[in-house]
Amino acid sequence: MNRIITGCLMALAFALIPFKPAEVLPPAPVYPVPSQAQLAWHEMEMNAFIHFTINTFTDLEWGMGSESTLLFNPSEANPSQWVSTLQHAGFKGIILTCKHHDGFCLWPSAYTQHSVSNSPYLDGKGDLVRSVSEACRKSGLKFGIYVSPWDRNHAMYGKPEYIEYYRNQLKELFTGYGPVFEMWFDGANGGTGYYGGANERRAIDGSKYYHWSETLALIRGLQPDVIFFSDAGPGVRWVGNEQGIAGETNWSCITPDTLFAGKPGIEKLLNQGSEDGTQWIPAEADVSIRPGWFYHEKENYRVKTSDQLFDIYLTSVGRGAVLLLNVPPDRRGLIHENDIRSLQGFREILDREFKMNLAENAKAKASTFRGKSSRFGAHQVTDGNKDTYWATDDGITSSSLEIDLGNMHMVKYVVLQEFIPLGQRVKSFDIEILREKRWIKVSEGTTIGYKRILRIAPAETSRLRINIKASKACPVISNVEVY
Ligand code: FUL
């Protein structure tokens, strides 16, 4: 009897508990994934490089290291002009050549005489690393440093004593100048040099001589969030060319062990990354606005045009890389008028071409979405929130997303972004537009990653379809924009 009553009570209790559907969980990450610092770096999208040193005054690209410090005399040096010019053009950070291969230091290093301290610039009282880092901070730009490991001036280069010198200089720079977002390690090691008067060729084994792991640990101890650039990372990798062109296929992951210098095909590997790479080491595309990295008067009429800069933007930022555009100040210590004109025009093109996102808050529907939960619905790609995304169920690696623009519009660009905190996934996709009730393919691609910008032949439509054809796991798309 008792048992019957208990059974009845339990059945009643279950009937009264409201039905709660199982929570739909977000997709598991596909490793590797970016660190917080790498994510912040991706979001910068465009940074500027400043090559400025004694080479500016000797008309050389690689100084020998024997140049007199008296040559360094920028009469009107104005880092605020550099920063404001670059900021107006849209750059978010600046990386300064604090020391190039010739060894001349733009800051008064306590460890060498070969610096601004012995130059006529501000009667030896100048410190360009300070002026540039402060100008950046004032304007809200991030500051990064380039300190060439190869030093053609230093007498001890090639011996262990030089490594101590190099590390002492890094300590000065990482303790005295505020936060550094990126440290650029140049892989060039040309051999010949002045080397304190020895004037000889010094060969080093780049993989052993510098003891990189200790140097990086030293810097991380001072500034844990710094991103290290080198051919192979570990923070970000070289894109494999100096033209600003990332691979149309561009995986942000790569296996560092495969990146030893001299390996055949290394540039292609750096350019495209590896689908099965073991670490998140995205590509940075460094390119100069002029033929050379340093200012040369004879190149004043060979400054890249605004249109060329826009093409570079599409082949770098538009392919999931970060653009690092070099803009070298002239002998006055100012960004030259011709460079300014190009940069302003570049900004105008960006503002014109990406003036109005036709997909902002547009209606979107998907062939399928994760667990039928609106948290992972198609509308998440047009909500302007980078932290929400459309995702499918696990195991579904091809699916479509349709964007309804409401009215007919002329369409020229489609911007796609994966939600990379969960890893890079998409391997192949295409884009269709609706024309007279028929879907017509207007673009196709392989990877998406942090960002992909597709330029399509201008066409009128009111609806677009993005078909994910293959993906490492269920696709996770955070943003679609249409211009
Ligand atoms: C190269 C250097 O040798 C060039 O002078 C320049 O600094 C460029 C960014 O990297 O390896």
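Which residue follows H2, and what is the sign of its phi? Select Glu45 to find out: this residue comes after H2 and has a positive phi, near 65°. Please keep in mind throughout the tour that the model is predicted.

**Helix H2 and the loop before it**

With Glu45 still highlighted, extend the selection back over helix H2, residues 36–44, where the buried residues are Gln38, Leu39, Trp41, His42 and Met44. Then step into the loop between helix H1 (2–16) and H2, and pick out Pro32, which lies there. The peptide bond that joins Tyr31 and Pro32 is cis, with omega about 0°, and displaying the backbone atoms of these two residues will show this bond.

**The ligand and its shell**

Next, select the ligand and show the residues that surround it, namely Phe49, His51, Trp62, His100, His101, Tyr146, Trp184, Asp186, Ala188, Glu242, Asp286 and Trp293. By residue type, this shell consists of six nonpolar, three polar and three charged residues. If you display pockets, the space that the ligand takes up is the largest pocket.

Three side chains of the shell can now be examined one at a time. Begin with His51, where an N or O atom of the side chain is 2.7 Å from an oxygen atom of the ligand. Move on to Trp62, which has a polar side-chain atom 3.0 Å from a ligand oxygen, and then to His100, which places a polar side-chain atom at 2.9 Å from an oxygen atom of the ligand. As for the ligand as a whole, its accessible area on its own is 290 Å², and the protein covers 90% of that area.

**Strand E7 and the turn to E8**

Leave the ligand and select strand E7, residues 227–230, in which Ser230 is found. Is Ser230 buried or exposed? Its relative accessible area is 17%, and because buried means under 20%, Ser230 counts as buried. The side chain of Ser230 reaches the backbone oxygen of Gly233 at a distance of 2.6 Å, so show both residues together.

From Gly233, go one peptide bond further: the bond from Gly233 to Pro234 is cis, with omega near 15°. Pro234 itself belongs to the loop between E7 and strand E8, the latter spanning 236–238.

Returning to Ser230, add Gly187 to the selection; the two are 43 residues apart in sequence, while their C-alpha atoms are 6.8 Å apart in space.

**The loop between E4 and E5**

Now select Gly190, which is found in the loop between strand E4 (182–184) and strand E5 (192–193). Gly190 is partly exposed, with a relative accessible area of 27%. To follow a link across the chain, draw the C-alpha to C-alpha distance from Gly190 to Arg201, which is 8.6 Å for a sequence separation of eleven residues.

**Two further residues with positive phi**

The last two stops concern the backbone. Select Asp123, in the loop between strand E2 (93–99) and helix H5 (128–139); although Asp123 is not a glycine, its phi is positive, about 55°. This residue is exposed, with a relative accessible area of 67%.

Finish at His211, which lies in the loop between strand E6 (200–201) and helix H7 (212–222). His211 is not a glycine either, yet it has a positive phi of about 45°. With a relative accessible area of 43%, His211 is partly exposed.

How values were computed:
Residues are numbered from 1 along each chain as its sequence is written. This is a predicted model: local features need pLDDT of at least 70, side-chain atom pairs count only at pLDDT 80 or more; totals for chains, interfaces and linings use all residues. Side-chain values use heavy atoms; hydrogens and water are left out. A residue is near a molecule or strand if one of its heavy atoms lies within 4 Å of it. A polar contact is a pair of N or O atoms within 3.5 Å; within protein, one must be able to donate a hydrogen and the other to accept it, and residues adjacent in sequence count only if both atoms are side-chain atoms. Accessible areas come from the Shrake-Rupley method with a 1.4 Å probe; for residues, only the protein chains shown count as cover. On a 1 Å grid over the protein atoms alone, a cavity is a set of points where a 1.4 Å probe fits but cannot get out, and a pocket is an open set with protein on both sides within 12 Å along at least five of seven lines; lining residues have an atom within 4 Å of a point. A molecule sits in a cavity or pocket if more than half of its atoms lie within 2 Å of its grid points. Ala, Val, Leu, Ile, Met, Phe, Trp, Tyr, Cys and Pro count as nonpolar, Asp, Glu, Lys and Arg as charged, and the others, Gly among them, as polar. Helices (H or I, at least four residues) and strands (E, at least two) are DSSP runs, numbered from the N terminus. Buried means under 20% relative accessible area, exposed over 50%, partly exposed in between (1.4 Å probe, protein chains only).
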